[in-house]
Amino acid sequence: MTSAKTFQVHIQRYDPDREPPCYTQMYQVDFHPSMTVLEVLELIQQDQDSSLAFRSSCRSSKCGTCAVLLNNKPVLACREVLDGGDITLAALPKLPIVRDLVVSQQEREQRLEQIAVEQPRAVALPESKVDYANVSRCIECTICTAACPVGYEMDRMEPRPDLLSSMIGAGIPVSQGEGVPVEGNIDHCSLCLCFNSYSYTQPAKDTVMLLDRLGVHVAVPQQQCCGMPMVGNGDLDGARRRAEANLASFLPWLEQGYDVVAACTTGSLMLKEEYTGTLGLRAAEALASRAYDLGEYLRILVEDGLLELSKLKPVPERMSYHTPCHLKAQRIGKPFVELLERIPGMQIEVLDTICCGLSGSYGLKNEKHDLSLAVGQHLLDALAQSQPDLAVSECGPCQLRMRRGTGLPTKHPVSILWQAFDEDPLCHGVQK
Amino acid sequence: MRRYEADILVIGTGGAGLYAAIRAADGGGRVYVRDKGLIGRGGSTVGGAGVSAVGPWSKPGDNANVQFRDTVIGGAYLNDQPMVRILVEEAQQRIVEMESWGLKFDRGPDGRYVLDQAGGHSYPRVMTISDRVGLQMVKVLRNQARLRQIERCPDVMACRLLIHNGAIAGAIGLDVGVGEVVQVNAPAVVLATGGVGQLYPSTSNPIQNTGDGLALALRAGARLLNMEQVQFYPCGLVHPPSLRGFILGIQEYAALYNSEEERFMARYEPELLEHTTRDRLARAIFTEIVEGRGTAHGGVYLDATDVPKETFLSFQHEYEVARDRGFDMQLVRLEVAPAAHYFMGGVAIDISGCASVPGLYAAGEVSGGVQGGNRLSGNSLAEILVFGARAGAHAAGYARGAIRPTPEQAQAAEVEREIRGLVNRRNGRLTPSQGKQRLRRLMWQYAGVIRDGAGLTAARYELIGLEQELLPQISMSGPSLLQNHSLVSYLELKNMITVAQTIVQSALERQESRGAHYRQDFPEEASTPFCIEVTLEGGHLRAARRPPVMSELRPGSGEEGAE
Ligand SMILES: Cc1cc2nc3c(=O)[nH]c(=O)nc-3n(C[C@H](O)[C@H](O)[C@H](O)COP(=O)(O)OP(=O)(O)OC[C@H]3O[C@@H](n4cnc5c(N)ncnc54)[C@H](O)[C@@H]3O)c2cc1C
Ligand code: SF4
Ligand code: SF4
Ligand code: FES
């Protein structure tokens, strides 16, 4: 035993009866090849510390109960093989911790109870659309929920494997067209994403108009697709090429002290997190640290007194607002809602909705259309329920889904703000 | 201590427990469901190969009578035949119902069900969902339990059944989810706690299968049936340690070698080689190991390197799981030994799931009778559906007519005192897991694949030693009950010792070799089959023989079939 190679296991423990309840404990464990995380936990519990609490059952990757964080990555403890290096273990995030590595599934179970339906497969989809063999592999370990960067609770849909499958990416690269930039020569710079550049350009125009009127110098440098569609479809190299081109184009502006603002939540998320994270571009750190979502940026301008919302006139339409997933992922609240709500008389209702179902390019694919619609159905239902005059979201695809699904007119909130701003001559005078 | 009032309490949430709960709820009762792990993550979840059932889909010539005969002959006439009749007749109804709830079996290109051939079945009749039929079943059943909003709670280990005036009055549990002792008052309790694999060092069973339900039932006065009948799967991995007990279906296609590079099955079964019955294969492997021709980790070599690649497609999960740990079966030999797999014995019940104590029900692997001395492939997943449903429905009816028992404060207080006393034991020499290892070694040595009178007698004394000397040496991790796994593990060990004692007692009483029970000192089958029932009387175990219920088929008439 003495000759065995040992390694350190740091376990982030939790004991509500202790002060402080969270603490890290280190154990020294003998290593042997093929050792799994679960084996390490079992050995500690057996020979060193029987107070260590963790879940397991089958030991063979079938029951889904043993998920933990290994060096910050969610893994199945019984499946993850170690290499002998020191490790850190912690409880899965996003679920309440009971003790040590044990999390409570009760809330999840209650939610599932609320959405349980009599005949799972028939509700959403025709039989032929369900890749049952694939989704039947799900063991409900909740790792996907723990791993999802945008906080989508994928397993929340269980036991509706039809819906679950719709969340699993398709892996088909989309066509690789180059971007035609919106040209401009103004200061503080704005990156308007493809949807705004090509398909529905009004939000981009309104953004530039509004920022300009508020006295912000706006520049619209040469730009391409942010790369998110490629990331979403597994083409990381393609995404990296786009990112590098955008970086090259934006860096000179950054050096002159410009911030980067994106009118699309996907774009702002991409700039803030994915260029450096998923794509691993160190050079994008400067860009990430200066990137803002448009709503977030406008909120700062309001705080700085550049825009007095209480003086604006409401638009007459009753609006329902849908929160884009990529906004939630940025954990900045709902800045546009905050802004619009501060305009006296504005009638805006925030819908309690999850994903619109388009999920980037996913729902645009022919073969995924039905699945995507099924996922987004709750959004259409919510709109049918609240019957607004106007459906609002800063995400282009979300608007598309709402418009097509209900026939309601849709708008980007910046257009509403611009409308409210433009209609009130008093405000025109607000200058820097 | 928190107290709850229910009509029916279901303990255990594998397939049997969930089906029972669903039926009990449909029967109008207030149902409480408790599991010491998470809901629906037990033995049923890992049940992979398939479920056997005859129905309109059966091959020409196959029908309930044929499955009946296969099951009874396979079970060496220890089966309770009225129960087998119900199994083969009702399995298809449950299958159809499960399909209406969203379960989807594999179908071929022609749209017909895929039916697998499996050992002991005279027709292909095992229905599959890739290699994960149990997982899918449990998902569907959980959904039905949610739909009915059945009160279900994980992390509650049942510790004691409450008895009032000779009938069931509920149960006491340890709720480690909130850190409390809880009491559920209920006139009907359904035990669905699964098997006993954890009594052995190598097992395919999940960690919760420690035989708790058997120990609880015994202490409550119930009769246990054919406790010696432990099925060993011939080829479970012994290495790597993280996969100890992981069973390999690929065995059916592979060759076995001992440490002397001999394909030893040629000595035992010159014609059939590895294709003999599972019990014979297990005994041959076991013999090689105890006679010193085993591998470094105490197994024999399983060689699947010549098996065609396509064959592995049907064993996707096991192939991947082993490969992930650096053991690619297509490239290297694996070390295997028999692993405790299924328990045919259990709480004696009737066709409605009633045990011998009024108000007590049992269903699934914790119950005995259906499978006799040997379980055929797929018959267990069929059993949990059929008898889970029956037990739940009957329990609901019983609870409706039952007088509500007076809550048993005294018994509950006693359990709580015991637990509070236990957790303060901080300076023992052993952890509960170390204690379990001792028990497992002993069971493997004396009450494993091959047994004899001397070994079983030794086991009986050693088990008394474990109970009286080992248990008091076990240390607890601290006074809080919240996720106190050392306490759970200790209580499990205590149950395991009790169950081990009944297995040994029953094995001593069965002075013949029948089904999965093999006595070296009595290698032959007795001329007339008999069942053994174990009870606890005045603190002592008592084993008694009785004839099995052979309502349709008797030894000797077997080959003619059941007309
Ligand atoms: C690896 C493997 C493969 C198998 N493959 C097949 C197959 O292909 N076909 C087939 O027919 N059969 C198969 N079987 C057998 C079959 O899966 C089981 O016999 C069957 O699922 C048992 O179901 P059950 O509901 O009785 O118990 P389980 O599903 O084991 O459920 C028991 C539950 O009770 C809980 N419990 C235990 N003690 C307590 C307590 N004290 N308090 C509260 N809760 C408790 C446990 O946590 C568990 O959730 C297989 C078994 C294994 C292990
Ligand atoms: S889909 Fe999610 S819950 Fe299901 S097995 Fe994969 S990671 Fe686990
Ligand atoms: S955003 Fe969608 S595809 Fe991406 S991790 Fe989350 S659920 Fe999965
Ligand atoms: S213990 Fe079952 S999946 Fe890890």
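Student: In this predicted model, how much area is buried between domain 2 of chain B and domain 3 of chain B?

Tutor: Carbon and sulfur atoms give 76% of the area buried between domain 2 of chain B and domain 3 of chain B. The C-alpha centres of these two domains lie 29 Å apart. The buried area itself is about 580 Å².

Student: Which three residues supply 81% of the area that domain 2 of chain B buries against domain 3 of chain B?

Tutor: In this pair, six residues of domain 2 of chain B are in contact with five residues of domain 3 of chain B. No other three residues of domain 2 supply more of the area it buries against domain 3. The three are Arg283(B), Phe286(B) and Pro338(B).

Student: How much of ligand 1 does the protein bury?

Tutor: Start with two polar contacts. A polar side-chain atom of Ser44(B) lies 2.6 Å from an oxygen atom of ligand 1, and a polar backbone atom of Ala49(B) is 2.7 Å from an oxygen atom of the ligand. Taken alone, ligand 1 exposes 1,000 Å². Of that, the protein buries 96%.

Student: Which element gives the largest share of the shell around ligand 1?

Tutor: The shell has 39 residues, by class twelve nonpolar, 22 polar and five charged. Elements of chain B that each supply at least two of them include helix H1 (15-26), strand S8 (156-164) and helix H11 (379-401). The largest share is four residues, and it comes from H11(B).

Key. Residues are numbered from 1 along each chain as its sequence is written. Chains are lettered from A and ligands numbered from 1 in the order in which they are written. This is a predicted model: local features need pLDDT of at least 70, side-chain atom pairs count only at pLDDT 80 or more; totals for chains, interfaces and linings use all residues. Side-chain values use heavy atoms; hydrogens and water are left out. A residue is near a molecule or strand if one of its heavy atoms lies within 4 Å of it. A polar contact is a pair of N or O atoms within 3.5 Å; within protein, one must be able to donate a hydrogen and the other to accept it, and residues adjacent in sequence count only if both atoms are side-chain atoms. Accessible areas come from the Shrake-Rupley method with a 1.4 Å probe; for residues, only the protein chains shown count as cover. Helices (H or I, at least four residues) and strands (E, at least two) are DSSP runs, numbered from the N terminus. Ala, Val, Leu, Ile, Met, Phe, Trp, Tyr, Cys and Pro count as nonpolar, Asp, Glu, Lys and Arg as charged, and the others, Gly among them, as polar. Domain bounds come from an automatic or database domain assignment. Contact means heavy atoms within 4.5 Å. Buried area is the accessible area (1.4 Å probe) that two parts lose on being put together, summed over both.
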